[in-house]
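Please open the structure in your viewer and keep the selection tool at hand. The tour proceeds by selecting one site after another and stating what is found there.

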Amino acid sequence: MSNLSRLLVTGATGKVGRTFIQRLLADPQFDSMVVRALCHHRELEPHARIELVRGSIEQRDVVERIMADVTHVVHLATCKETPDQIMDVAVKGLFWLLEACRTSPTFQQFMLIGGDAGVGHFVYPQPIPVTETQKHSAYPGCYALSKVLEEVMLEQYYIQYDLNGCCLRAPWIME
C-alpha cells in the first residue's frame, strides 16, 4: 500500500464523514486511495482500504501520528455547542493539523468542510444572496464562532505558507 494515496478523514464517523467515505470507497476512480479514519467516540465498519485510528485531533501527538504518509486531508472534525472543548478541537486541533500538513513531505491537498454557521445567513437578514465573498458573521454561540476561526486560520495558511487547500461551506441541509 505504500504507492497508494492516503487520505486522512477527521470526523470520519459523523454524518458527513461516513457518507463521504462510503462513496469514495465505492467509486472505482479512487481505488488507489486508502482512507485513514480518525475516530474519536465511535468506529467505522472494517474495510480493506480503511485504516482506523482512535484519538482526538486536539492532541498534537495524535495528529503527528495520523499524518504519517498522508497525501490528502478532508477535515470534518468538530464539536457542537461545547464551550469546554470547542477551542481545543476547532482551533488547537486544526492548528496541529495544518502544521503537520505544512511540514509533511507527502502532503498535497487540504479540504476543510466548514459550515454555513460562519455566515449566519439564517439568523441575519441578507440583502443579496450569500456567496463565498460573504463576510464572516457568526450567530451567537461557540459553534458558529469556531466555524469562522477555522476558515480564517486556513486562509492564513494559504497566505503564509502557500498551503494547497480549500474550504467548502456545507449547510446542515446537506445531510
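The stops below cover a pocket, several buried side chains, the loops and the cysteines.

Please keep in mind throughout that this is a predicted model.

**The largest pocket**

Begin with the open space in the protein. Rolling a probe the size of a water molecule over the atoms shows where empty space is left. The largest pocket holds about 820 Å³ of space. Select Leu-76, Ala-77, Thr-78, Cys-79 and Lys-80: of the 36 residues in the lining, these lie nearest the centre of the pocket. Next, colour α1 (15-26), β5 (109-115) and α4 (142-161), the elements that each give two or more residues to this lining. What is the division of the lining residues into nonpolar, polar and charged? There are 17 nonpolar, 12 polar and 7 charged residues.

**Glu-150 in helix α4**

Stay with helix α4 and select Glu-150, which lies in it. Is Glu-150 buried or exposed? Its relative accessible area is 1%, so Glu-150 is buried. Display the side chain of Lys-147 as well: the side chains of Glu-150 and Lys-147 make a polar contact at 2.8 Å. Setting aside residues up to four places away in sequence, Glu-150 touches His-75, Ala-77, Ala-90, Leu-94 and Leu-112. One of these, Ala-77, was already selected as a residue of the pocket lining.

**Leu-25 in helix α1**

Move to helix α1, where Leu-25 is located. Leu-25 counts as buried because its relative accessibility is 13%, which is below the cut-off of 20%. Show Val-35, His-47, Arg-49 and Ile-50 together with Leu-25, since Leu-25 touches each of them when residues up to four places away in sequence are not counted. Then draw a line from the C-alpha atom of Leu-25 to that of Gly-55; the two residues are 30 places apart along the chain, and the atoms are separated by 22 Å.

**Val-63 in helix α2 and Val-34 in strand β2**

Select Val-63 in helix α2. Its relative accessible area is 0%, and Val-63 is therefore buried. Which residues does Val-63 touch, not counting residues up to four places away in sequence? They are Ile-57, Trp-96, Leu-97 and Ala-100. Consider Trp-96 in particular: it is 33 residues from Val-63 in sequence, while their C-alpha atoms are 6.5 Å apart in space.

Now select Val-34 in strand β2 (residues 33-39). Val-34 also counts as buried, at 0% relative accessibility. From Val-34 to Thr-10 the separation is 24 residues in sequence and 14 Å in space, C-alpha to C-alpha.

**Two aspartates with positive phi**

The next stop concerns the backbone. Most residues other than glycine have a negative phi, and most peptide bonds are trans. Select Asp-69, in the loop between α2 (60-66) and β4 (72-75). Asp-69 is not a glycine, yet its phi is positive, near 65°. At 49% relative accessibility, Asp-69 counts as partly exposed.

Follow this with Asp-162, in the loop between α4 and β6 (165-170). Asp-162 likewise has a positive phi, of about 55°, although it is not a glycine. Asp-162 counts as exposed, with a relative accessibility of 68%.

**Thr-133 in a loop**

Select Thr-133, in the loop between β5 and α4. Thr-133 is exposed, with a relative accessible area of 65%. The side chain of Thr-133 makes a polar contact with that of Thr-131, at 2.8 Å. For a wider view, add Glu-58: it lies 75 residues from Thr-133 along the chain, and the two C-alpha atoms are separated by 30 Å.

**The cysteines**

How many disulfides does the structure hold? The count is 0. To see why for Cys-79, select it with Cys-142, which has the closest cysteine sulfur: the two sulfurs are 7.2 Å apart, too far for a bond, as a disulfide requires them to be within 2.5 Å. Cys-79 is buried, at 11% relative accessibility. Repeat the step with Cys-167: the closest cysteine sulfur is that of Cys-166, and the distance of 7.5 Å is again too far for a bond. Cys-167 is partly exposed, with a relative accessible area of 27%.

Terms used: Residues numbered from 1 in each chain as written. Predicted model: local features only at pLDDT ≥ 70, side-chain atom pairs only at ≥ 80, totals over all residues. Heavy atoms only, no water. Buried < 20%, exposed > 50% of the residue type's maximum accessible area, 1.4 Å probe, protein only. 1 Å grid on protein atoms, 1.4 Å probe; cavity = no way out; pocket = protein on both sides within 12 Å on 5 of 7 lines; lining within 4 Å. Points joined across faces, edges and corners; volume = space filled by probe spheres on them. Helix = DSSP H or I, 4+ residues; strand = E, 2+ residues; numbered from the N terminus. Nonpolar A, V, L, I, M, F, W, Y, C, P; charged D, E, K, R; others polar. Polar contact = N/O pair within 3.5 Å; in protein donor to acceptor, adjacent residues only side chain to side chain. Contact = heavy atoms within 4.5 Å.
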